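Trainee: I have a structure open and want to talk through its strands. Can you take me through them one at a time?
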Amino acid sequence: MNKQKSYHVIINFKVIGIGEMPSPRGTSLIVFFNGTLDKVIIYLMAMSDELPKKIENNILYFSLKSQNDGISILGGLPPILCLPIIRCS
């Protein structure tokens with residue numbers, strides 16, 4: 001039996017700060033719900049540019065500092081997202 005995993009994905013970016021800070025801070029979340037909505041995996045990222053740009057063929061694609069990089073989720077979601085350019089989250 002070929003059993004594929006499916007996910008619902010929510011991305012969220014929230015600016016942290018008061019007024020017009022010269023260097024705003026933020027936090028980003030990538031939230032995955034499994035197909036039956038009974039399991040949730042949350043990854044905490046930093047700024048909005050660290051969120052994936054797309055999912056294609058079971059690969060999360062990121063576009064960071066003019067580089068494109070991807071993480072395969074074919075075998076399921078990893079315990080941490082780790083891209084050399086953004087470290088591990």
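Mentor: Start with strand β2, residues 25-34, and β3: they run antiparallel and are joined by 6 bridges. Keep in mind that this is a predicted model.

Trainee: Which residue in β3 does F33 stand opposite?
Mentor: F33 stands opposite V40 in β3.

Trainee: What sheet do those strands belong to, and in what order?
Mentor: An open sheet of 3 strands, in the order β1-β2-β3, with antiparallel pairing.

Trainee: Which ones are the edge strands?
Mentor: β1, residues 7-16, and β3, residues 40-45, since each of them pairs on one side only.

Trainee: And how much are neighbouring strands turned against each other there?
Mentor: On average by 15°, ignoring direction.

Trainee: What actually holds strands of a sheet together?
Mentor: Strands of a sheet pair through backbone hydrogen bonds, and the pairing can be parallel or antiparallel.

Trainee: OK, new topic. What is the order of the sheet with β5 in it?
Mentor: The order is β4-β5-β6, so to speak from one side to the other: 3 strands in an open sheet, paired antiparallel. β4 and β6 are the edge strands, each pairing on one side only. From one strand to the next, the twist averages 30°.

Trainee: How many bridges are there between β4 and β5?
Mentor: There are 3 bridges, in the antiparallel sense, with β4 covering residues 54-56. Within that pair, I55 stands opposite L60 in β5.

Trainee: What sits between the two strands?
Mentor: β4 and β5 form a hairpin with 2 residues between them. In the turn, N57 has a positive phi of about 50°.

Trainee: And on the other side, how many bridges join β5 to β6?
Mentor: 6 bridges, and the two strands run antiparallel, with β6 spanning residues 67-72. Y61 stands opposite G70 in β6.

Trainee: Which residue takes a positive phi in that hairpin?
Mentor: K65 does, with a phi near 50°. The hairpin of β5 and β6 has 2 residues between the strands.

Trainee: Last one. Which residues of β5 are on the covered face, and which on the uncovered one?
Mentor: β5 is residues 59-64. L60, F62 and L64 make up the covered face, while I59, Y61 and S63 are on the uncovered face.

Trainee: Why every other residue?
Mentor: Because in a regular strand the side chains alternate between the two faces of the sheet.

Terms used: Residues are numbered from 1 along each chain as its sequence is written. This is a predicted model: local features need pLDDT of at least 70, side-chain atom pairs count only at pLDDT 80 or more; totals for chains, interfaces and linings use all residues. Side-chain values use heavy atoms; hydrogens and water are left out. Buried means under 20% relative accessible area, exposed over 50%, partly exposed in between (1.4 Å probe, protein chains only). Helices (H or I, at least four residues) and strands (E, at least two) are DSSP runs, numbered from the N terminus. Two strands pair if DSSP finds at least two bridges between them. Axes are lines fitted to C-alpha atoms, for helices over the stretch in contact, and angles run from 0 to 180 degrees between N-to-C directions.
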